[in-house]
Amino acid sequence: TFHLTQLADQQRQSLDSLRQTIEQQLHRLNSDNIVQLEKMRVTVDEKLQATLEQRLTSSFKLVGDRLEAVHSSMGEMQKIASEVNQLQRVLTSVKTKGIMGEIQLERILMDILTPEQYEKNVKTKKESLNFVEFAIKLPQKVDGNQCVWLPIDAKFPTEDYARLQEAHEKNQFELVPQFLKSLEQKIKTFSKDMRDKYINPPETTDFAILFLPTEGLYSEVLRIPGLTETIRREMNVVISGPSTLSAILNSLQMGFRTLAVEKRTTEINKLLGAIKTDFVKFGDLLDKTQKKLDEASKQIGDATHRSKQISRKLVRVESLPEHQASVMLNLEQEFVD
């Protein structure tokens, strides 16, 4: 009986030792699992953070570049708008003193238009040998590479105007109607000549401009009843003096500026559309990144919960001696490795 009791005590001690060994090894295993899971979590967080920061940096850089381009385009538009506001004051800067005929006309064109907006000695009819003195390029809105010519020719009936002025100065009023009639015929001849030689739609506009180089001559022509209306209606020619031509060119220049603004506006709209597309892609990327973070967090939580369940299941298991437990589980070799 004593021997059995002693054997039972030894067996109970062995089982207690095994149970303690198993509990220690499980506790160590649990601790190691927690440490490894924490390392995994940190690694995943670092990689996700690095990827997210890289994508965010790239996306924000792209957005910044696009916004900088938009800001540059806006600056150009503001500059154009400022120039348009100054066009109303261009009339007072036209230098016309002492310049007649073609030189006067060219100077006015140079003062208001850019060299690319008009040309000198333009052939408006292919089969003709006639060249109009100047022609303005009117860009077509449907195709910026094509243009329609607006013919402008300077005429100065010197003799008729000189006789009329002399009659006024000498108070020979009875001769004024005769000289006015002669001036009227000369203006009609000039207008008919321009219509036949230079007006050629669609290569040109359906009208031309007859330029009179002095305000005095222009005012005399305006005094002839119905002359300007008849010429405009029957011959499609607009008569203008220096101030009138300047006003016409100012209006055309505003049209050129408006086309330039519309072109820049179209480019900006396309740029904003591209930025909007990039923002949509950026939002999708953030959604995908958030899903990856949620999945990683869920997996770590599942692993931790699983480890706790295993620990609770093994609480009641009796422990083996530490040496036997190590040999059975091959834990020491595993930890050494």
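Reader: Is Tyr161 buried or exposed?
Author: This is a predicted model in which local features need pLDDT of at least 70 and side-chain atom pairs count only at pLDDT 80 or more, whereas totals for chains, interfaces and linings use all residues. Residues are numbered from 1 along each chain as its sequence is written, and side-chain values use heavy atoms, with hydrogens and water left out. A residue is called buried under 20% relative accessible area, exposed over 50%, and partly exposed in between (1.4 Å probe, protein chains only). Tyr161 has a relative accessible area of 14%, so this residue is buried.

Reader: Which residue forms an aromatic pair with Tyr161?
Author: Rings of Phe, Tyr and Trp (its six-membered ring) pair if their centres lie within 6.5 Å; planes under 30 degrees apart count as stacked, over 60 as edge-to-face, and the rest as tilted. For Tyr161 the pair is tilted, with 6.2 Å from centre to centre and 50° between the planes. The partner counts as partly exposed, at 26% relative accessibility. This partner of Tyr161 is Phe156.

Reader: How many helices and strands are there in the protein?
Author: Helices (H or I, at least four residues) and strands (E, at least two) are DSSP runs, numbered from the N terminus. Along the sequence they follow the pattern α-α-β-β-β-α-α-β-α-α-β-α-α-α. The protein thus holds 9 helices and 5 strands.

Reader: What percentage of the residues of the protein count as buried?
Author: The chain is counted over its 337 residues. With the cut-off already stated for buried residues, the share is 31%.

Reader: Why is Asp160 counted as buried?
Author: Asp160 has its place in helix H3, which covers residues 158-169. Leaving aside neighbours within four places in sequence, Asp160 is in contact (heavy atoms within 4.5 Å) with Ser182, Leu183 and Lys186. Asp160 counts as buried because its relative accessible area is 3%.

Reader: What is the distance of the polar contact between the side chains of Asp160 and Ser182?
Author: A polar contact is a pair of N or O atoms within 3.5 Å; within protein, one must be able to donate a hydrogen and the other to accept it, and residues adjacent in sequence count only if both atoms are side-chain atoms. The side chain of Asp160 makes one such contact with the side chain of Lys186, at 2.8 Å. With the side chain of Ser182, the distance is 2.4 Å.

Reader: Which element gives the largest share of the largest nonpolar core?
Author: A nonpolar core is a set of buried Ala, Val, Leu, Ile, Met, Phe, Trp, Tyr and Cys residues joined through side-chain atoms within 4.5 Å. The largest core has 27 residues, and Ile187, Leu210, Leu212, Val221, Ile231 and Ile239 have the most contacts inside it. Among the elements that give two or more residues to this core are strand E2 (132-139), H3, helix H4 (176-198) and strand E4 (208-211). The largest share, 7 residues, comes from H4.

Reader: What is the distance between the end C-alpha atoms of H4?
Author: The expected span of a helix is 1.5 Å times one less than its number of residues. H4 has 23 residues, so the expected span is 33 Å. The end C-alpha atoms lie at a distance that agrees with this, namely 32 Å.

Reader: What is the angle between the ring planes of Tyr118 and Phe134?
Author: Tyr118 lies in strand E1 (residues 118-122) and Phe134 in strand E2, so the pair links distant parts of the chain, 16 residues apart. Their C-alpha atoms are 7.1 Å apart in space, and both residues are buried. The ring centres are 6.3 Å apart and the pair is tilted, because the angle of the planes is 55°.

Reader: Which residue is joined to Pro201 by a cis peptide bond?
Author: Most residues other than glycine have a negative phi, and most peptide bonds are trans. In this bond, omega is about 5°. The partner of Pro201 is found in the loop between H4 and E4, and this residue is Pro202.

Reader: What is the phi of Asn236?
Author: Asn236 is found in the loop between H6 and E5 and counts as partly exposed, at 33% relative accessibility. Asn171, in the loop between H3 and H4, has a positive phi of about 60° although it is not a glycine. Asn236 is not a glycine either, and its positive phi is about 55°.
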